[in-house]
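Colleague: I would like a close look at the aromatic rings in this chain, and at what surrounds them. Please keep to what the coordinates show.

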Amino acid sequence: MFQGRDTIIFYLSDHAQDIFQSSNTYGHRCSKYGVEIPFMVYVTDTFKQKHPDKVKLIAKAVHQPFMSDDLIHTLLPIVGIHTKDNLESKDLFSPKFDTHRKRVYCGRQEYKTP
């Protein structure tokens, strides 16, 4: 569908599921497993050819800790939109991305990366 097009596609789920991982039950739970959501970035061959620098930034970010509520700080710059409100420390593809900032989920639990 996107063959020959300069395209980047982002996919992320709106929530995760804790399926028998933290206890003998399943569902939307406030656990590490319940908040880790799938997040994928797909780029076409044309995008790779036209934006090799962006492809490298995306590849470097593969195992970085990220919270989806910071997505706007990542989406806008990667497509060339810059605003005064963008925070590079929350831009997953920025060299200034803060991998050590505190990430709290469910209002109380700090997320620790492996």
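Modeller: The answer starts with the chain as a whole, then takes the aromatic pairs, the nonpolar core and the salt bridges in turn.

The model is predicted. Its chain has 114 residues, of which 28% count as buried. The secondary structure amounts to four helices and six strands, and their order along the sequence is β-β-β-α-β-α-α-α-β-β. Among contacts with a separation of 6 or more, 54% are between residues 24 or more positions apart. The accessible surface is about 8100 Å², with 53% of that area belonging to carbon and sulfur atoms.

Now the rings. Searching the whole structure gives two aromatic pairs. One of them joins F39 and F66: the ring centres are 5.6 Å apart and the planes lie at 20°, so this pair is stacked, the limit for that label being under 30 degrees. F39 belongs to strand 4 (residues 39-43), while F66 is in the loop between helix 3 (52-60) and helix 4 (72-78), so the pair ties together parts 27 residues apart in sequence. F39 is partly exposed, at a relative accessible area of 27%.

The other pair is F66 with F97. Here the centres are 6.4 Å apart and the planes stand at 45°, so the pair is tilted. This pair also links distant parts of the chain: F66 is in the loop between helix 3 and helix 4, F97 is in the loop between helix 4 and strand 5 (104-105), and they are 31 residues apart. F66 takes part in both pairs, and the ring pairs link F39, F66 and F97 into a cluster.

How exposed or buried is F97? Its relative accessibility is 10%, which counts as buried because the cut-off is under 20%. F97 is also one of the nine residues of the largest nonpolar core, together with I8, V43, F47, I58, A61, I78, L92 and F93. In soluble globular proteins, nonpolar side chains tend to be buried together. Within this core, I78 can be followed further: leaving aside neighbours within four places in sequence, I78 is in contact with I8, F10, K54, I58 and F93. Of these partners, I8, I58 and F93 are themselves core members.

The charged side chains come next. The whole structure holds five salt bridges. One of them involves the two loops already named for the rings: K90 and D70 are bridged, with their closest N and O atoms 3.8 Å apart. K90 sits in the loop between helix 4 and strand 5, and D70 in the loop between helix 3 and helix 4, so this bridge ties together parts 20 residues apart in sequence. D70 is buried, with a relative accessible area of 6%, whereas K90 is partly exposed at 23%.

Another bridge pairs E88 with K96, again with the closest N and O atoms 3.8 Å apart. E88 is partly exposed at 38% relative accessibility, and K96 is exposed at 56%. Bridges that share partners join D70, K90 and R101 into one network.

A further bridge lies within a helix: the side chains of D45 and K48 meet at 3.8 Å, N to O. Both residues belong to helix 2 (residues 45-50), three residues apart, a separation of about one helical turn. D45 is exposed, with a relative accessible area of 54%, and K48 is partly exposed at 41%.

Methods: Residues numbered from 1 in each chain as written. Predicted model: local features only at pLDDT ≥ 70, side-chain atom pairs only at ≥ 80, totals over all residues. Heavy atoms only, no water. Core = buried A, V, L, I, M, F, W, Y, C linked by side-chain atoms within 4.5 Å. Buried < 20%, exposed > 50% of the residue type's maximum accessible area, 1.4 Å probe, protein only. Contact = heavy atoms within 4.5 Å. Helix = DSSP H or I, 4+ residues; strand = E, 2+ residues; numbered from the N terminus. Areas by Shrake-Rupley, 256 points an atom, 1.4 Å probe, with all protein chains shown as cover. Phe/Tyr/Trp six-rings, centres within 6.5 Å; stacked < 30°, edge-to-face > 60°. Salt bridge = Lys/Arg side-chain N within 4 Å of Asp/Glu carboxyl O.
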